[in-house]
Amino acid sequence: MVQKVAVIGAGPCGLSSVKACLDEGLEPTCFESSDDIGGLWRYKLVPGRTNIYQCVIINSSKEMMAFSDFPPPAELPNSMHHTEVLLYLRLYAQTFSLLQHIHLQVGELIFIRGRTSMRQDSGTWRRRRQTVGGRRIFGTALIMSFFFPFFLRSISGIESFKGRYFHSWEYRNAKGLEGKRVVVIGFGNCGCDIAVDISRVAERVYLSTRSGAWVVGRVGPGGLPFDTTWISRLVVTLSSLFWAQIPVINDDLPGRIISGRIQVKPNVKEFRETSVVFTDRSIIDEVDVVVFATGYNYSFPFLPPDLQAKSGYRLRLYKHVIPPTLAHPTLAVVGFIHGLGAINSMAEMQARWSTRVFKGLISLPAEDVMVKEIETETATMNQKFVCSERNPLQVDVIPYTDSLAEQVGAKPNILQLLFTEPALVLQVVLGPYTSYQYRLSGPGKWAGARQAIFAQKQRIARPFRTRAVSEEPGNEASSKLSILLAFITGAALLCYLIYNWHLPFFHSVE
Ligand SMILES: Cc1cc2nc3c(=O)[nH]c(=O)nc-3n(C[C@H](O)[C@H](O)[C@H](O)COP(=O)(O)OP(=O)(O)OC[C@H]3O[C@@H](n4cnc5c(N)ncnc54)[C@H](O)[C@@H]3O)c2cc1C
Ligand SMILES: NC(=O)c1ccc[n+]([C@@H]2O[C@H](COP(=O)([O-])OP(=O)(O)OC[C@H]3O[C@@H](n4cnc5c(N)ncnc54)[C@H](OP(=O)(O)O)[C@@H]3O)[C@@H](O)[C@H]2O)c1
């Protein structure tokens with residue numbers, strides 16, 4: 001009998017989950033509470049459950065965020081505006097005929113649980129929804145990430161502050177903030193993006209940071225996307241010696257700081273009627289607006305409490321996906337993860353893995369073994385990365401995705417490729433870490449994967465070809481010289497890095 005799967009949410013992770021179900025011959029029904037697909041990437045004027053602001057440009061470049069069997073159109077820019085990300089998602093849904101499996105405006109999913117006790121039941125899930133109190137039974141369920149804005153109400157004096165304050169979740173654009181004095185709290189991607197955006201119209205913006213962050217730009221060597229150079233299997237393995245924190249991506253922040261439009265301040269100590277006091281006792285007076293870019297909390301209120309156990313700050317999910325306490329592995333959380341790179345490709349592999357677990361093609365270890373593995377992994381991640389309550393979902397992207405792919409049977413066999421296709425192995429190890437490499441072999445193999453890998457550089461280059469440049473003979477010699485220079489510089493840089501334990505191309509804001 002074909003297994004029925006309920007997929008909750010039609011954002012990027014929901015879409016790739018529907019596709020993974022179809023690929024495995026399962027029968028997905030996707031329930032989306034809003035009136036369209038795209039999740040976060042569908043910009044809404046009125047804040048919905050998930051939100052972006054008008055100026056959002058995706059952090060990961062287009063090849064690095066692509067689904068494994070769907071390279072983005074070559075003409076799209078490398079760092080896509082949110083409207084282009086949505087376009088890509090729509091093309092994906094259309095190409096793989098996903099829309100017919102998606103039910104829009106179904107109301108909020110409010111309750112999901114197994115038939116009786118989680119340990120003894122047959123592993124079926126009931127879904128109820130708010131609008132009509134509907135209830136349907138599914139063999140399995142894939143649910144997406146659920147985040148809620150985190151407000152810092154605990155800072156003393158906030159109730160006496162007379163200005164306006166709101167969470168970054170509510171921010172759309174800088175309209176209405178012209179000539180104002182604004183304090184933005186939080187030095188994550190939202191805080192930095194929003195501070196830069198507001199600083200173009202405000203009198204002054206103060207950006208408060210608690211623990212500092214590495215800031216990197218989107219543009220890397222040769223004007224190419226930073227991540228296509230620095231996120232390769234080889235470079236990530238080497239640089240994992242240096243990383244302890246996922247960097248903030250921002251092209252404009254250094255320029256706004258150097259021009260004094262943004263001033264970086266320490267953590268906020270307290271609010272007064274019209275001023276903000278920082279931990280170094282400095283005070284900014286006549287503050288009109290405070291933006292809390294303090295990140296998101298997570299919550300799965302519709303799951304039974306026994307499935308919400310924690311390991312450290314994270315949910316106790318095996319491989320960040322399946323609750324280990326279930327008698328039958330019939331529930332998976334997809335995309336609830338954070339790492340150096342796009343969520344899409346990791347989430348897609350989680351969905352491919354989960355569907356094969358649902359089908360019984362991958363068997364899970366015993367509960368105590370899973371729990372032990374989760375605890376060990378949590379301890380390792382806490383040692384290696386800066387994990388906090390607000391950032392609990394850290395993984396080492398390549399080893400993590402490889403570990404799932406290995407069980408799926410889709411991990412690229414580098415040793416074998418070395419003998420059979422050395423040119424391809426160079427791309428897989430030294431080239432950008434793109435997800436097409438998980439379609440080269442095994443279940444879900446895609447005939448176009450090899451070509452997608454070889455053509456990725458052309459797709460990256462295409463949007464830059466906006467004017468004709470003559471190919472003069474001198475150019476060839478100069479490009480060889482550039483390669484030689486780049487090689488010598490690279491070797492020197494590597495020696496320097498190893499010697500200093502620092503990455504000099506990052507700006508550190510302490
Ligand atoms: C401002 C911002 C920028 C980001 N930029 C990046 C980036 O550059 N790269 C990256 O990899 N990640 C980024 N992220 C992380 C982002 O969360 C993921 O990229 C991705 O959108 C997660 O996909 P998802 O499908 O899990 O969730 P979402 O995109 O949030 O989609 C969830 C869907 O589920 C629906 N839904 C929610 N609750 C219910 C319910 N109870 N019942 C039914 N339907 C429901 C929602 O309406 C929504 O359509 C960003 C996050 C934010 C906040
Ligand atoms: N362009 C893009 O693609 C883009 C844009 C925006 C967001 N995003 C993504 O969206 C997600 C959410 O981003 P986000 O910036 O909203 O959240 P975030 O990355 O969690 O950052 C939250 C910030 O708030 C600070 N903070 C939290 N609690 C605090 C407290 N009690 N006191 C003082 N400071 C506190 C944190 O400081 P500490 O570091 O000290 O905890 C951190 O600087 C991330 O995955 C991000 O990558 C992407």
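So, the shell around ligand 2: which element gives the most to it? That's helix α3, with four residues. Keep in mind that we're looking at a predicted model here.

Staying with that ligand, 25 residues surround it. The closest are G186, G188, N189, C190 and G295. If you sort the shell around ligand 2 by class, you get 13 polar residues, nine nonpolar and three charged. And where do they come from? Domain 1, which is 4-149 plus 297-406, and domain 2, which is 158-292, each supply at least three residues to this shell.

Okay, now the sheet. We've got five strands in an open sheet, and the pairing is parallel. Reading across, the order goes β9-β18-β10-β11-β14. Why do β9 and β14 each have one side without a neighbour in the sheet? Because β9, at 164-167, and β14, at 262-265, stand at the edges, and each has a single partner strand. On average, neighbouring strands in this sheet are turned by 20 degrees against each other, if you ignore direction.

As a quick reminder, strands of a sheet pair through backbone hydrogen bonds, and they can do that parallel or antiparallel.

Let's zoom in on one pair. Strand β10, residues 181-185, runs parallel to β18, residues 289-292, and four bridges join them. Take I185: its bridge partner in β18 is F292.

Which brings us back to our helix. α3 covers residues 189-199 and packs on the sheet, where it touches β10, β11, β14 and β18. Compare its direction with that of β11, at 204-208, and you get an angle of about 170 degrees. So α3 packs on the sheet and also gives the most to the shell around ligand 2.

Note on methods:
Residues are numbered from 1 along each chain as its sequence is written. Chains are lettered from A and ligands numbered from 1 in the order in which they are written. This is a predicted model: local features need pLDDT of at least 70, side-chain atom pairs count only at pLDDT 80 or more; totals for chains, interfaces and linings use all residues. Two strands pair if DSSP finds at least two bridges between them. Helices (H or I, at least four residues) and strands (E, at least two) are DSSP runs, numbered from the N terminus. Axes are lines fitted to C-alpha atoms, for helices over the stretch in contact, and angles run from 0 to 180 degrees between N-to-C directions. Two residues are in contact if their C-beta atoms, placed from the backbone, lie within 7 Å. A residue is near a molecule or strand if its C-beta atom, placed from the backbone, lies within 6 Å of it. Ala, Val, Leu, Ile, Met, Phe, Trp, Tyr, Cys and Pro count as nonpolar, Asp, Glu, Lys and Arg as charged, and the others, Gly among them, as polar. Domain bounds come from an automatic or database domain assignment.
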